[in-house]
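Hi everyone, thanks for making time this morning. I'd like to walk you through a model I've been looking at, so have a look at the picture first and then we'll go through it together.

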Amino acid sequence: MRKFLRDNGLSLGFGLLFLLALAGQALAGHTDFNDRQLQDGGSPVGFGDYLTSSDFLVDVAENWQSEYLQFLLYVVATVYLIQRGSPESKPSSRIGRESDRDQLVGAHARARSPKWAKTGGWRTAVFSRSLGLVMGLLFLATWGIQSVAGLAAYNSDQLLSFGDPVDWLGYVGSAEFWNRSLQNWQSEFLALGSMAVLSVYLRQRGSPESKPVGAPHTATDETG
């Protein structure tokens, strides 16, 4: 058990933090929702009803889709774009998809390489892009959930204010939807860009996300 916890500490730690933060969001969101209900002359709802409401679902989904978009773009962009001196960037000599020898696929695969990296053909082609493909599918799935839950929440507010409800295309093309999406996207892009630049000049000793403390600022693709 101790070995399992040590070997999977990163995923288990973030999984636990995710559940605690989600529970905290649910509790705080429920209180905030009922406060707004009372201010608008409505009735408070139970915790279970809030968890299954479009208001809670849209708040969760809009953050998830922005996070998956962040990783999708970062995974794909770092194939072709570099940041000299960043530990998360390739050196300029390796821009692009790199050779089969560099990527250990086909005839260059090793004994312990994944099976689909050895077989060649469409299996190797799909496996070579599987991380970006899954991130893209997760982004589209969470973006779809956000749009549907956001539509339900938006139309509920419209009915309360005696406005006209809109259909899905109308909501996806609305300022409400894009304001929700872009306010999350811009913060993700800022965080990624800041990390790429700050990691050139600053260090975190022992972290694989940082260069070794004594590495020169120009050293690229080195981790500590």
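**A walk along the helices**

Let me begin with Phe162, which comes after helix H8 and has a positive phi, near 60°. Please keep in mind throughout that this is a predicted model.

Now for H8 itself. The helix runs over residues 130–160, and with 31 residues at 1.5 Å each it should span 45 Å; the end C-alpha atoms are indeed 45 Å apart, so expectation and model agree. There is a record to set beside this: an unreviewed UniProt entry lists residues 131–154 as "transmembrane region". In the model, that stretch is 100% helix and 0% strand, and its end C-alpha atoms are 34 Å apart.

Let's go back towards the N terminus, to helix H2. H2 covers residues 9–39. It has 31 residues and reaches 44 Å from its first C-alpha to its last, close to the 45 Å expected at 1.5 Å a residue. Just after H2 comes Gly41, with a positive phi of about 85°.

UniProt has something to say here as well: the unreviewed entry lists residues 1–28 as "signal peptide". Over those residues the model is 93% helix and 0% strand, with 35 Å between the end C-alpha atoms.

So which residues of H2 are buried? They are Ala26, Gly29, His30, Phe33, Asn34 and Gln37. And what do the buried residues of H2 pack against? Their partners are helix H3, residues 47–51, and helix H4, residues 54–80.

His30 makes a nice example from that list. It has a relative accessible area of 16%, and therefore counts as buried, the cut-off being under 20%. Leaving out neighbours within four places in sequence, His30 is in contact with Val45, Gly46, Phe47 and Tyr50. If you look at His30 and Gly46 in the viewer, their C-alpha atoms are separated by 8.2 Å, and they are 16 residues apart along the chain.

H2 also has a residue at the other end of the scale. Leu16, in H2, has 51% relative accessibility and counts as exposed, because the cut-off for that is over 50%. Leu16 also belongs to a nonpolar surface patch of about 580 Å², together with Leu10, Phe14, Leu17 and Leu20.

On to charges. Side chains of opposite charge can pair when their charged atoms come close. How many salt bridges does a search of the whole structure find? The search finds 9, and I'll show you a few.

One is between Asp7 and Lys3, with the closest N and O atoms 2.8 Å apart. These two are 4 residues apart in helix H1, residues 2–7, so about one helical turn separates them. Lys3 is exposed at 54% relative accessible area, while Asp7 is partly exposed at 43%.

Another one joins Asp59 and Arg180, where the closest N and O atoms are 3.5 Å apart. This pair links distant parts of the chain, with Asp59 in helix H4 and Arg180 in helix H10, 121 residues apart. Arg180 is buried, at 19% relative accessible area, whereas Asp59 is partly exposed, at 27%.

Then we have Lys90 and Glu98, whose closest N and O atoms are 3.2 Å apart. Lys90 counts as buried, with 13% relative accessibility, and Glu98 is partly exposed, with a relative accessible area of 23%. Elsewhere, salt bridges with shared partners join Asp59, Glu62, Glu176 and Arg180 into one network.

My last stop is Asn184. Where is Asn184 found? It sits in helix H10, residues 175–201. Is Asn184 buried or exposed? With a relative accessible area of 11%, it is buried. Setting aside residues up to four places away in sequence, Asn184 touches Glu62, Asn63 and Ser66. You have already met Glu62, as a member of the salt-bridge network with Asp59, Glu176 and Arg180.

That's my tour, and I'm happy to take questions.

Note on methods. Residues are numbered from 1 along each chain as its sequence is written. This is a predicted model: local features need pLDDT of at least 70, side-chain atom pairs count only at pLDDT 80 or more; totals for chains, interfaces and linings use all residues. Side-chain values use heavy atoms; hydrogens and water are left out. Buried means under 20% relative accessible area, exposed over 50%, partly exposed in between (1.4 Å probe, protein chains only). Contact means heavy atoms within 4.5 Å. Patches are made of residues with over 30% relative accessible area and no salt bridge: like charges are joined within 9 Å, nonpolar side chains (Val, Leu, Ile, Met, Phe, Trp, Tyr) within 5 Å. Accessible areas come from the Shrake-Rupley method with a 1.4 Å probe; for residues, only the protein chains shown count as cover. A salt bridge is a side-chain nitrogen of Lys or Arg within 4 Å of a carboxyl oxygen of Asp or Glu. The expected span of a helix is 1.5 Å times one less than its number of residues. UniProt positions are given in the numbering used here, feature names are shortened, and annotations may be inferred rather than shown by experiment.
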